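Reader: I am new to this one. Could you show it to me and explain how its labels are earned?

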Amino acid sequence: MARSHHRKKHKEHLRQYQHSQEGPSAESKKGKISGTIAIVGVILGLAVGYFATDGNLTWVAFGAVAGGIIGFLSGRYLDR
């Protein structure tokens, strides 16, 4: 005959084990958007710098860096 009173402990241990093995939470699976927005910011910074200065590489690079920083910071704000 089966001993059901022993199975209760087994089921509880199994549930605890499954919870510990689930891995990362749903929040970290969602992913971060700050990297994506930073890349978009770099592209926009390149475009603005290029069209505003008729292709002066110094200002194009400055625009790319500024756009990347602004994109990264705004992405971090959205991740919260």
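Author: Gladly; what follows is a short talk about one helix and its surroundings. This is a predicted model, where local features need pLDDT of at least 70, side-chain atom pairs count only at pLDDT 80 or more, and totals for chains, interfaces and linings use all residues. Residues are numbered from 1 along each chain as its sequence is written, and side-chain values use heavy atoms, with hydrogens and water left out.

Reader: What makes residues 34–53 helix α3?

Author: Helices are DSSP runs (H or I, at least four residues), numbered from the N terminus. Helix α3 has 20 residues. From first C-alpha to last, α3 reaches 28 Å, close to the 28 Å expected at 1.5 Å a residue; the expected span is 1.5 Å times one less than the number of residues.

Reader: How do you know that the buried residues of α3 line one face?

Author: Buried means under 20% relative accessible area, exposed over 50%, and partly exposed in between (1.4 Å probe, protein chains only). Ser34, Ala38, Gly41, Gly45 and Gly49 are buried in α3. Seen down the helix axis, these buried residues fall within an arc of 60 degrees, so they line one face. The arc is taken from the directions from the helix axis to the C-beta atoms.

Reader: Why is Asp54 called exposed?

Author: Its relative accessibility is 75%, and the cut-off is over 50%, so Asp54 counts as exposed. Asp54 is found in the loop between α3 and α4.

Reader: Why does Trp59 count as partly exposed?

Author: At 48% relative accessibility, Trp59 falls between the two cut-offs, so it is partly exposed. Trp59 lies in helix α4.

Key:
Helices (H or I, at least four residues) and strands (E, at least two) are DSSP runs, numbered from the N terminus.
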